[in-house]
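Me: Please take a close look at a single strand of this protein and describe its surroundings in one connected account. I should like to see its pairing, its place in the sheet and what lies across it.

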Amino acid sequence: MLYESSNNQGIYSPREPRKNYYYRCVEENFEVLERVWDDRYQNTYGYWRTHILDVIYDYLDCGNLHLGFARVKCEDCNKEYLLPFSCKRRAFCPSCHQRRVVEFGEFLYTEVLKEVSHRQWVFSIPKRLRCYFMYDRKLLAKLSRCAWKVLCDYLKSSSGDKDSVPGVVIAVQTFGDFLNFNPHLHVIATDGCFKGDGDFIKSVLPQGKDIEKVFQSEVLKMLKKEGKINQFIIDNMLSWENTGFNVYCGEAIYAEEQESIEKLAQYVVRAPISQERMFYIPPEESSNEVGKIIYKGKNSREIQAFDALDWLARLVTHIPNKGEQFVRYYGYYSNKSRGQRKKAETDDKVPVIVSSDLSKKAFRKNWARLIQKVYNVDPLKCKYCNGKMRIISFVEDEETIEKILKDLKLWGIQNHDPPNHFKIPQQFEHFILANSLLIGNNEKSNENMGKNKDGNYEEHNSNNVFPDYETCDEMPKYEDWF
Ligand SMILES: [Zn+2]
Ligand SMILES: [Zn+2]
């Protein structure tokens with residue numbers, strides 16, 4: 001039996017957790033975060049949710065071979081390698097989240113959206129109302145409902161047929177550029193409505209401004225009904241010139257623009273953080289001995305420095321509760337409508353790629369292709385002979401895990417090797433030195449700090465994240481994913 005570790009043989013570029021800024025920041029700070037939460041953060045972010053710790057522990061174990069793996073074997077040359085299990089935690093584990101993001105894009109394109117044009121809409125709410133949604137996450141579903149109601153009426157009226165219905169997918173995003181709590185809705189909506197027979201009536205140039213006031217009124221009404229605000233607050237808000245409600249409507253994306261649609265779908269469910277835009281200064285390197293996160297905005301060139309604890313506190317507010325949905329389907333795209341069309345076999349009236357069962361099977365088999373799309377590797381193609389690789393077993397038994405990892409000289413070393421160098425990514429160098437965020441700050445330049453001889457310390461390279469594994473018998477439940 002010939003084992004190979006993915007670590008040594010590089011079929012994947014495995015995640016090397018301790019070399020990853022994000023992992024280090026989480027590992028070094030999460031216990032303190034829990035300890036100081038009530039004193040330092042409860043006032044701003046509400047009660048500590050015990051669920052947060054489950055997510056963090058799972059993330060810290062994600063991709064750790066010591067906790068079990070699948071054995072993958074080449075059918076032609078018999079070479080084997082090990083594929084560790086992943087945590088599948090939404091929002092918090094960047095690699096697991098990213099995998100779902102790509103899958104969601106394909107799912108939406110092949111299974112939900114019809115071959116008609118779509119538009120992106122974004123619904124946002126004023127700052128002073130945002131905290132209610134943080135303290136009471138059930139309101140996020142109601143916010144989504146408000147947007148659907150308003151948009152549905154609007155698109156219906158533009159079709160001139162009151163029995164027609166639009167297809168709408170709404171994704172809740174709770175984060176702003178720097179992880180501030182900013183609940184808003186990303187919507188992918190048909191650019192018009194479907195009639196009962198499945199024909200599609202295109203909208204007349206829709207505009208966000210048209211429905212801003214109606215959306216505002218729906219949300220205020222909902223929050224009042226929920227007992228969060230009273231008429232006094234509403235009157236006060238309405239007296240401002242700019243109430244802070246905003247509805248944006250994007251350009252039409254045509255049916256044949258598959259890539260744009262998938263990109264948009266991926267965008268609306270993206271993770272709160274980007275590892276490419278962050279850098280962690282551990283306490284021992286920091287000028288005031290407090291761990292720091294340097295983070296670059298997505299849409300701006302702005303860079304901000306945070307105490308690592310503060311940053312982590314912000315981040316955990318975006319962890320969804322157990323079973324909490326991010327994405328909802330309405331109108332022609334609602335689960336009910338889709339189910340009925342499939343049952344009546346009318347779902348291909350506007351052509352979809354494949355019909356229900358078959359496509360899900362095909363889709364499941366495609367996980368290897370999806371991984372390839374995310375990580376630029378094909379996990380089921382032998383790198384020695386290009387043969388077809390197959391998962392032959394799962395190893396979850398502690399003794400067997402230990403035996404195999406010892407044979408491979410991987411036992412006890414994978415996740416706990418301290419990093420042996422500290423090097424600032426070029427994009428943050430100026431900011432960090434200018435703000436004296438390091439010990440000995442300006443005297444210490446990046447060159448003499450980096451102890452890395454080979455100079456290829458690329459922890460923020462997305463190829464360094466580890467693809468996860470899903471058994472081929474496992475039926476993905478797409479609706480539960482986000
Ligand atoms: Zn082979
Ligand atoms: Zn994970």
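Reply: Tryptophan 121 has cysteine 249 in E8 as its bridge partner. The model is a predicted one, and the strand to be examined is E3, residues 118-124. Another residue with a partner in E8 is serine 124, which is bridged to asparagine 246. Altogether, 6 bridges hold E3 against E8 (residues 246-253), and the two strands pair in the antiparallel sense.

E3 is also joined to E5 (residues 181-190), by 7 bridges, and here too the strands run antiparallel. Histidine 118 takes part in this pairing, with threonine 190 of E5 as its bridge partner. As general background, strands of a sheet pair through backbone hydrogen bonds, in either a parallel or an antiparallel manner.

These two pairings belong to an open sheet of 5 strands, in which the order is E8-E3-E5-E4-E12 and the pairing is antiparallel. The edges are occupied by E8 and E12 (327-331); each has a single partner strand, so one side of each is left without a neighbour in the sheet. From one strand to the next, the twist averages 20 degrees. E3 itself stands between E8 and E5 in the strand order.

How much of E3 is buried? Of its 7 residues, 5 are buried, and the strand is therefore largely enclosed by the rest of the structure. Part of its surroundings is helix H7 (residues 139-159), which lies across E3, E4 (167-175), E5 and E12. The helix runs at about 35 degrees to E5. In a regular strand, side chains alternate between the two faces of the sheet.

For the wider setting, the protein chain contains 18 helices and 13 strands. Buried residues account for 36% of its 482 residues. Among contacts between residues at least 6 apart in sequence, 77% join residues at least 24 apart.

A contact between two helices may be set beside this account of the sheet. The axes of H2 (residues 21-40) and H11 (residues 308-316) come within 10 Å and cross at roughly 85 degrees, which means that H2 is roughly perpendicular to H11. On the H2 side the contact involves Cys25, Val26, Asn29, Phe30, Val32 and Leu33, which meet Ala308, Leu309, Leu312 and Ala313 in H11. By class, this contact has 9 nonpolar residues, 1 polar residue and no charged residues.

Definitions and conventions: Residues are numbered from 1 along each chain as its sequence is written. Chains are lettered from A and ligands numbered from 1 in the order in which they are written. This is a predicted model: local features need pLDDT of at least 70, side-chain atom pairs count only at pLDDT 80 or more; totals for chains, interfaces and linings use all residues. Axes are lines fitted to C-alpha atoms, for helices over the stretch in contact, and angles run from 0 to 180 degrees between N-to-C directions. Helices (H or I, at least four residues) and strands (E, at least two) are DSSP runs, numbered from the N terminus. Angles under 35 degrees count as roughly parallel, over 145 as roughly antiparallel, 65 to 115 as roughly perpendicular and the rest as oblique. Two residues are in contact if their C-beta atoms, placed from the backbone, lie within 7 Å. Ala, Val, Leu, Ile, Met, Phe, Trp, Tyr, Cys and Pro count as nonpolar, Asp, Glu, Lys and Arg as charged, and the others, Gly among them, as polar. A residue is buried if 20 or more other C-beta atoms lie within 10 Å of its own, exposed if 12 or fewer, and partly exposed in between; C-beta atoms are placed from the backbone. Two strands pair if DSSP finds at least two bridges between them.
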